[in-house]
Amino acid sequence: MELELRGITKRFPGVVANDNVNLTIRSGEVLALVGENGAGKSTLMNILYGLYHADEGDIYIDGTPVKFETSGDAIAAGIGMVHQHFMLVPVFTVAENVVLGIEPTRGLSLDRAKAAAEVERISDEYSLGLEPDALIENLPVGIQQRVEISKVLLRDAEIVVFDEPTAVLTPQEIDDFFRIVEALKASGRGIVFITHKLTEALRVADRISVLRRGQTVGEADPSEIDEVGLAELMVGRPVQLVVDKSPAEPGASTLQVNDLHVVDASGRTLVDHTTFDVRAGEIVGIAGVQGNGQTELVEAITGLREILSGTVSVDGIDLTDASPRDVHLAAVAHVPEDRQRSGLVSEFSVAENLVLTRYHSDEFSSGVTMNWSRVRENARELVEQYDVRTPSIDTSAGTLSGGNQQKVIVARELSRDLRLVIASQPTRGVDVGSIEYIHAQVVAARDEGAAVMVVSTELDEVMALADRVIVLYRGRVVADLDRDATNHNEVGLYMAGALDQNEQASA
Amino acid sequence: MTDVQSPPDAPTDSPSDPNGKRGLRDRIDTTNAITLPLLAFISALVIGTIVIAFSDIDKLQDGDFGGILTTIKDAYLALPDGAFNGWRPINETIVSTTPLLLAGLAVAITFRAGLFNIGGTGQMLVGGMCSVYVGFSMNGPSIIQIPLAVGAGMLGGIIWGIIPGILKARAGVHEVISTIMLNFIAGSLVLYFLKTDLFVREGRSDPISKLVTPEGTLPKLFAFLDRPELRAHIGFLFALAAAFFFWWLIEKTKLGFEIRAEGANSNAAQYAGMKPAFLIITSFAVAGGFAGLAGASEVLGTQGRATQGFAGDIGFDAIAVALLGRSTPVGTVLAALLFGALQAGGQRMQVETGVPVDLVLILRALIILFIAAPLLMKAIWRISAKGASSGPSFGGWGS
């Protein structure tokens, strides 16, 4: 089967998401679709999957034009999609989820035996290792993804589209995932692999298509191009992929987290008696698979979450029961993990967002009133200094690209004298060009003497930035490693829970 | 799936808001702020013609379409005529606009904080009762009694407004539920107090309060014309001052910045070190103050006494005013003026053309219906999705 997208153009009010895009997908090969956020990858795949309708251009299957009015049409034509966010019912079993919508029935009831047999057949054929009767909510994310894959396979997909499939996986799970992709390819299926991680595209793809601002700017053969070349193609200019930093010169211990324990409303442990410190002039990277207590650890330190026991202090100032304002006033910068949820007020202008955490200082207000002229002056300075690409300082922040939104936050948080910088997922959903810039700013904060704590689920980011790596697993510190004395593989094993320094020490 | 939706992945791949909530700045962006209410108004007028046609059923049965058209024309001309043409119409418009504006501000401030204040009626009632008490129990001098009476009204409104604020902030009680319930409680309290010796007028058994003394009555606006039938009073100036205060609070102060942040994104407000609980309570206090002032203005100015239903439906009409005005200071003033003018003009329309004054109620209802259904407006007027996609949804609603 050969699937071809010809001259696809899709316009949204004010933006051309896809501009005359051409793409061919063949059976038995892996096509990586790479591009920065906002380049139009998802729009293109939603058109292919019948969720959007192209304004211009056509889709051909083996040379015959087809029209997908709904995703049902696309599925019927043999196209399957594994979404970044899984569409599974947590309280259903694997088999129930897989057959959902096309249930085999016996009379009026679900034929469970047949459903389980179908799942086992697919699982065996592609070595997915699925147990039909396991409940989804008990399964790790990597296995859940395989359930999604088997859903697509049961519906006889010839072309399988993966949207950012590795974002939620551990390094080991990523290896397993690529083995499955190879198996699918060997069975004659065509794979579309949407990603912004260039190493992965180079590793698995037979062909790479690069999208930039809605246009296909190039097609590359992975054997003939390297990461740097691909990044340049993607961004449209040469980029620096390696973080440029000198060795750390750690000073006194700044952030001290001692036996910190945090539970959720139902009493479940989120951060489990955690102790570590971050010294002035060093970057500590907190690694870990998403959902291992990183979010709650940061919230506890920054005053956003109640601490059950243990203490937090910065330069000897006790911040255990401090409010977010107290933490801010203690010269702590916080780049929150979800800029849409808490880092920005999307409806507010860039200028307003640039003082969101600082509006109360004498610099921007006097008495009860705001000093708007000073706010605007500050905005003009920071937009210039931090290279925020915005039509004006009055533009609402929500209309900026992810990278520029993040720059607004970074500018706001880092543009003052700081003792401690806490940056959570500082480059999630941010384009390559902005990543480069944000990383440089984080390193600059370190070089000015601040203690820096970077929390990231992207191991590459932790390894690139950190001077010291701390691994969180189920809310506990399982490793505290010198960056230069460790490697991706070792950290990956700690992240997966296969290794634990505490046990080694006691053993 | 249709592609009517605005793109989730342009210009960024990530959805613009994980909760799907739309913030105020979207709702009041410039094209939307003017086009949508205007189109809603025009649509309402168009549908209103059908109502007028049916109100003149004789001509309709006779097939006298020329006559119907004349009726429609006369009715719609009578509306602005009765609202603005001359001292008396202007006076009546001001009288109707004053409480609508004040109560509208009481809703608008909470919308800005992401809250929904349905309790305008209760806050007006409690405020008005406090005012009328000071109004009839003193004999001047005016310079002391009036500020005291007005202040008592605001204080009463603030207290009644703070209750749902505290319930929301401390116990998570949804303000829509609590404000509706507090309206009932306020209504019952008014009825009770109007029958006590404290309030009841000598020789009356029905629930009606003593008359506000002349010294406690708000001065007439048009006293200089020496026409006693022009009953508009300085309550209108209070309302304009309140609108100015609302503008200053929202646009110029730190507190306004915090209230807007809380309304648009409570998580971000908390992250930024603001105190959501404080902001919720404060917004409701300010809202109660506005509504209390509306009650004060009614009993001390327009009505001169308190009756069981002195707040009427103003607390609910106020929601419409705030929606139509998009919760902006200027918008709320204009929306209140429009509703006030319709009310004043409606009287003349009924007298001159026989079209029932209820048409005004229908027009108001239609305007709100259209405002609340931006996609419908989009379909009718074929305007771009951008201009219509953001309906007046409330951060506080359902959260």
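In this predicted model, helix α5 of chain A covers residues 141-154, and the length of the helix is easy to check. At 1.5 Å a residue, its 14 residues should span 20 Å, and the end C-alpha atoms are indeed 20 Å apart, so the two values agree. Much of α5(A) is enclosed: the run Gln145(A), Arg146(A), Val147(A), Glu148(A), Ile149(A), Ser150(A), Lys151(A), Val152(A) and Leu153(A) is buried. The partners against which these buried residues pack are β6 (79-82), α3 (94-99), α4 (112-125), β9 (159-163) and α6 (171-186), which belong to chain A. After the helix comes Asp156(A), with a positive phi near 60 degrees.

Attention now turns to a sheet in chain A. Six strands form this open sheet in the order β18-β21-β22-β15-β23-β24, and their pairing is mixed. The edges are taken by β18 (332-335) and β24, each of which has a single partner strand, so one side of each lacks a neighbour in the sheet. From one strand to the next, the twist averages 15 degrees.

Within this sheet, strand β23(A) (residues 468-473) deserves a closer look. Because 6 of its 6 residues are buried, the strand is largely enclosed by the rest of the structure. Burial holds for both faces, with Arg468(A), Ile470(A) and Leu472(A) on one side and Val469(A), Val471(A) and Tyr473(A) on the other. Strand β15(A) (residues 283-287) runs parallel to β23(A) and is joined to it by 4 bridges; here Ile286(A) has Ile470(A) as its bridge partner, while Gly285(A) stands opposite Val469(A). Strand β24(A) (residues 476-482) runs antiparallel to β23(A), with 6 bridges between them, and Leu481(A) is the bridge partner of Val469(A). The hairpin formed by β23(A) and β24(A) has 2 residues between the strands, and Arg474(A) in the turn shows a positive phi of about 50 degrees.

Two helices of chain A lie across the sheet strands. Helix α17(A) (residues 488-495) crosses β15, β23 and β24, at about 25 degrees to β23(A). Helix α14(A) (residues 402-414) lies across β18 and β21 (420-424), at about 175 degrees to β18(A).

The largest nonpolar core contains 261 residues, and those with the most contacts inside it are Phe193(A), Val454(A), Val471(A), Leu102(B) and Phe290(B). Helix α12 of chain B (residues 276-302) gives the most to this core, at 13 residues. From chain A, domain 1 (2-235) and domain 2 (253-347 + 400-506) each supply at least three residues. Beyond its neighbours within four places in sequence, Phe193(A) has contacts that include Val30(A), Leu33(A), Phe162(A) and Val204(A).

Terms used
Residues are numbered from 1 along each chain as its sequence is written. Chains are lettered from A and ligands numbered from 1 in the order in which they are written. This is a predicted model: local features need pLDDT of at least 70, side-chain atom pairs count only at pLDDT 80 or more; totals for chains, interfaces and linings use all residues. The expected span of a helix is 1.5 Å times one less than its number of residues. A residue is buried if 20 or more other C-beta atoms lie within 10 Å of its own, exposed if 12 or fewer, and partly exposed in between; C-beta atoms are placed from the backbone. Two residues are in contact if their C-beta atoms, placed from the backbone, lie within 7 Å. Two strands pair if DSSP finds at least two bridges between them. A nonpolar core is a set of buried Ala, Val, Leu, Ile, Met, Phe, Trp, Tyr and Cys residues joined through C-beta atoms within 7 Å. Domain bounds come from an automatic or database domain assignment. Axes are lines fitted to C-alpha atoms, for helices over the stretch in contact, and angles run from 0 to 180 degrees between N-to-C directions.
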